[in-house]
Amino acid sequence: MRRLGPWQIDRDPAPRGWWVLVVSLGAIASAFLAAGALFWAFGIGPARAYSTIFLGTLGDARAAPEVLRQAIPLLLCGVGLVMAFRAQFWNIGAEGQLLAGAVAAAGVALFAPLPAPLVVPAMFAAGFAAGALWGLLPTLLRLKLDVNEVLSTLMMNYIALFFVEWLIHGPWKGQEQRGFAYTDTLPPAAWLPLLPGTRVHWVTLALGLALAGGLAFLLARTKLGFEIRVLGQNPTASRYAGINPLRTTLVAMLISAGAAGLAGVGEVAGIHHRLLAPDQISLGYGYAAIIVAWLARGSPLAAVLTALFLGLIFSSGDVMKVTLQMPFRVTDIFNGLILFFLIGSERLLTYRLRRVPRPAPHATAVSPGPERQTGAGIPEETGVAESK
Amino acid sequence: MRWLTLAAVLILVGSLAVTGGAQQKLKAGFIYVGPIGDYGWTHAHDQGRKIAEKMVSGLETLYVESVPEAQAEPFIDKLIQQGARVIFTTSFGFMDGTLAAAKRYPNQIFAHASGFKRAPNMATYMADFYQVYYLNGLMAGALTKSNKVGYVGAFPIPEVKRHIGAFALGVRAVNPRATVHVRWIFEWFKPSAAKEATEALIAEGVDVFAFTEDSPTVVQVAAKRGLPSFSHYSPMQKFAPNHVVSGQLVHWEKIYVDFLSKVVAGKYTTENLQNVDYWWLLAEGAVEVGGDFGVPVSPAWKSKLQAVQVTTLDLGRLSVHDLVMKRLAQMTDPKVTFDPFTGPIRDRKGKLVVPAGKRMTVGELNTMEWAAPGIVGPWPKEP
């Protein structure tokens with residue numbers, strides 16, 4: 001607690017929605033300002049840079065759908081990560097889970113003798129299962145042996161990456177690729193339909209939107225959702241309430257990893273039509289989805305917006321490279337700046353500024369919280385300190 | 001409403017002005033798979049682009065670096081919006097995207113490096129190193145004392161296998177007892193993996209190095225132990241002047257200048273590229289032997305190569321240095337009187353892969369999977 005004249009800074013146990021929005025938008029605006037300075041240093045006026053970016057992405061009939069296309073894997077991974085983060089499980093492994101889904105989808109399409117109409121559903125089912133399986137191991141390690149999931153999920157990404165490399169250089173290497181490291185092209189039955197005139201594989205997009213809606217409902221209206229929320233906010237309290245932490249975390253994590261697996265299916269069946277080098281299957285979507293989930297602040301529906309936003313950032317990088325002839329790292333820098341300012345602004349959410357006129361010398365103890373009831377009577381140290 | 005109309009008119013006029021200006025000049029767009037600072041494949045293409053811009057009058061160029069394989073099409077869209085009339089895509093993975101774009105833009109010209117699919121408005125081109133690797137192999141075979149030559153390979157794909165094969169044939173041509181030890185790193189650019197592989201090869205007793213990786217790491221690690229090496233793709237002699245013996249250099253500009261001049265002259269159109277396939281080697285000047293431009297053999301190693309004598313069937317007894325120069329002259333000759341992949345050649349399992357008197361065709365070279373005799377180490381997809 002600290003006084004600044006008539007103002008007092010103290011902990012804010014539950015920041016209000018509008019304040020979260022203001023701080024998040026402020027952080028993004030700061031990132032844009034900082035990036036603007038970078039453009040300026042590069043010899044391009046920020047105003048010109050941003051208008052070029054806008055015209056080259058949303059203001060262009062052929063480029064605008066590309067924003068949507070890049071948002072699809074970000075949405076699926078991001079919604080999944082929202083689930084995991086709500087259960088206080090820090091899943092950094094969406095990238096690997098996406099690759100696992102991609103492998104399963106390619107495997108089904110190349111080798112499973114299925115009638116044509118069943119191929120795509122089977123690919124999605126296998127992709128979800130493979131992603132979930134990839135997430136299962138770090139979940140069990142955390143639940144049974146208390147292994148830090150940040151490290152184990154991250155490491156699983158590398159295993160997935162090298163597994164894909166091994167497949168495309170070894171047993172799955174295609175006959176028709178002149179020895180280059182790709183599988184053969186998937187049969188046409190495994191190709192997802194595209195929105196006419198675009199490269200948007202709408203089936204995956206619809207899946208992502210449905211998943212966002214479904215998970216929002218699950219969190220808000222079902223017993224499992226309630227359990228996940230309580231577990232995430234206070235594991236000790238959840239145990240007293242009779243919530244099985246093993247089962248709840250496991251379910252949240254399987255959904256999370258499975259969703260990332262679906263994203264992998266979409267990339268393989270909708271875009272590449274074959275399995276190829278892991279850094280070509282996913283352009284770091286599994287990692288960028290962490291920003292998607294963070295920006296969404298625990299809401300699966302908000303993830304739809306934040307995924308579109310990140311899709312826009314990815315597309316903006318493409319415009320900057322071509323139209324402004326900037327170096328390729330510019331996208332990474334843009335993403336990095338946004339994450340930097342978002343995490344930096346997090347502090348602003350845990351504190352609030354209140355106007356508390358200096359009390360008269362004889363009335364010391366009473367300081368009524370004028371705005372809200374929440375947290376007014378809770379002593380500073382025992383508030384729900386870790387609220388996200 | 002008035003504002004909207006005004007804005008629409010402005011945009012229309014603006015875009016007309018842009019395309020109007022573009023028709024005066026020829027704009028070419030380049031799509032790169034890696035960063036232009038990689039000191040290998042993409043850097044070399046970018047050097048070629050810059051030289052072509054100077055040499056072809058009226059040429060203006062645009063480029064995009066580090067383009068993911070699936071993104072070729074959207075980037076082609078953007079380059080064409082910028083007024084590009086010729087598009088070069090410089091990685092095998094861009095093949096299908098380039099072909100799809102060529103169908104969508106029948107009025108633009110496309111050229112794809114290292115692929116095999118063409119269209120009336122899409123050509124293919126490649127500058128290949130296998131002859132240069134053979135010359136490097138001759139020198140390596142003469143210089144090894146342990147009879148173990150090392151090769152750090154990027155990916156076990158036909159291109160790299162062909163290069164290691166030619167290198168091993170060269171090594172064996174002057175030193176039948178020598179072996180070529182191969183380590184794969186499964187990356188095009190990864191200095192840490194290249195360093196590890198080089199150190200592992202040193203531990204195996206290897207004392208001369210060649211490699212496929214887009215950084216001077218192998219050269220530097222070998223030089224630290226005082227061991228000679230052959231530079232790859234870019235002039236790396238300056239990184240270890242006393243230890244780089246020779247190497248492989250590329251001149252993509254030869255192809256770019258030739259191609260673009262023919263576009264300017266109206267020889268190449270959007271209708272006659274179906275059979276245009278550049279497969280350019282030493283004779284066309286698209287590749288060069290050496291660790292730096294104009295230096296086929298480093299002066300520091302010349303006398304050592306002159307001291308080693310070998311006997312050949314066609315040239316008799318001569319020093320390895322002279323042999324390298326003779327073979328270079330034969331392959332630079334427009335008639336190409338020598339080629340390393342001339343039969344009879346058996347693979348390392350003893351199977352006859354090139355019959356006596358036959359030369360491997362471009363198609364065979366492009367799909368080559370067998371390992372030449374003397375190669376030691378894993379060889380994925382070995383027939």
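Contact here means heavy atoms within 4.5 Å. With that in hand, here are some close-ups of a predicted model.

**Figure 1. Where chain B meets chain A.** On this predicted model, 34 residues of chain B are in contact with 34 residues of chain A. Just three of chain B's residues, Lys78(B), Phe92(B) and Lys381(B), supply 18% of the area that chain B buries against chain A, more than any other three residues. The area buried between the two chains comes to about 3,100 Å², and carbon and sulfur atoms give 56% of that area.

**Figure 2. Polar links across the interface.** The rule picks out 3 salt bridges between chain B and chain A, plus 10 residue pairs in polar contact, both at pLDDT 80 or more. Which elements of chain B give two or more residues to the side that touches chain A? They are β2 (59-64), α3 and α4. Of the contributors, α3(B) gives the most, with 7 residues. For a salt bridge to look at, try Arg274(A) and Asp96(B), whose side chains meet at 3.5 Å, N to O.

**Figure 3. Helix α4 of chain B and its packing.** This helix covers residues 95-104. Its buried residues are Met95(B), Gly97(B), Thr98(B), Leu99(B), Ala101(B) and Ala102(B). They pack against α3 (72-81), β3 (86-89), β4 (109-113) and β5 (122-127) of chain B.

**Figure 4. Phe88(B) in the largest nonpolar core.** Nonpolar side chains tend to be buried together in soluble globular proteins. Here the largest nonpolar core has 195 residues, and Phe88(B) is among those with the most contacts inside it, as are Met123(A), Leu275(A), Trp252(B), Phe259(B) and Phe341(B). Skip residues up to four places away in sequence, and Phe88(B) still touches Ala28(B), Gly29(B), Phe30(B), Ile31(B), Ala111(B), Tyr125(B), Tyr256(B), Phe259(B) and Leu260(B).

**Figure 5. Two helices of chain A.** Helix α1 runs over residues 17-41. At 1.5 Å a residue, its 25 residues should span 36 Å, and the end C-alpha atoms are indeed 36 Å apart. Its buried residues include Val20(A), Ile28(A) and Phe39(A), and the cover over the buried residues includes α2 (46-56), α12 (285-296), α13 and α14 (330-350) of chain A. Just after α1(A), Gly43(A) takes a positive phi of about 95°. As for α13 (residues 300-322), its 23 residues reach 34 Å from first C-alpha to last, close to the 33 Å expected. Since 18 of those 23 residues are buried, α13(A) is largely enclosed by the rest of the structure.

**Figure 6. Phe155(B), a loop residue with contacts in both chains.** Phe155(B) sits in the loop between β6 (148-153) and α6 (158-174) of chain B. Is it buried or exposed? At 12% relative accessibility, Phe155(B) counts as buried, because the cut-off for buried is under 20%. Beyond neighbours within four places in sequence, its contacts include Glu165(A) and His169(A) on one chain and Trp184(B), Phe186(B) and Trp188(B) on the other. Glu187(B) is 32 residues away in sequence, yet the two C-alpha atoms are 6.6 Å apart.

**Figure 7. Backbone oddities in the loops of chain B.** The peptide bond from Gly343(B) to Pro344(B) is cis, with omega near 5°, and Pro344(B) lies in the loop between α11 (320-332) and β15 (345-346). Val336(B), in the loop between α11 and β15, has a positive phi of about 45° although it is not a glycine. Tyr233(B) is not a glycine either, and has a positive phi of about 70°. Its place is in the loop between β9 (229-231) and β10 (244-250), and Tyr233(B) is buried, with a relative accessible area of 6%.

Key: Residues numbered from 1 in each chain as written. Chains lettered and ligands numbered in written order. Heavy atoms only, no water. Core = buried A, V, L, I, M, F, W, Y, C linked by side-chain atoms within 4.5 Å. Buried < 20%, exposed > 50% of the residue type's maximum accessible area, 1.4 Å probe, protein only. Helix = DSSP H or I, 4+ residues; strand = E, 2+ residues; numbered from the N terminus. Expected span 1.5 Å × (residues − 1). Buried area = accessible area lost by both parts, 1.4 Å probe. Salt bridge = Lys/Arg side-chain N within 4 Å of Asp/Glu carboxyl O. Polar contact = N/O pair within 3.5 Å; in protein donor to acceptor, adjacent residues only side chain to side chain.
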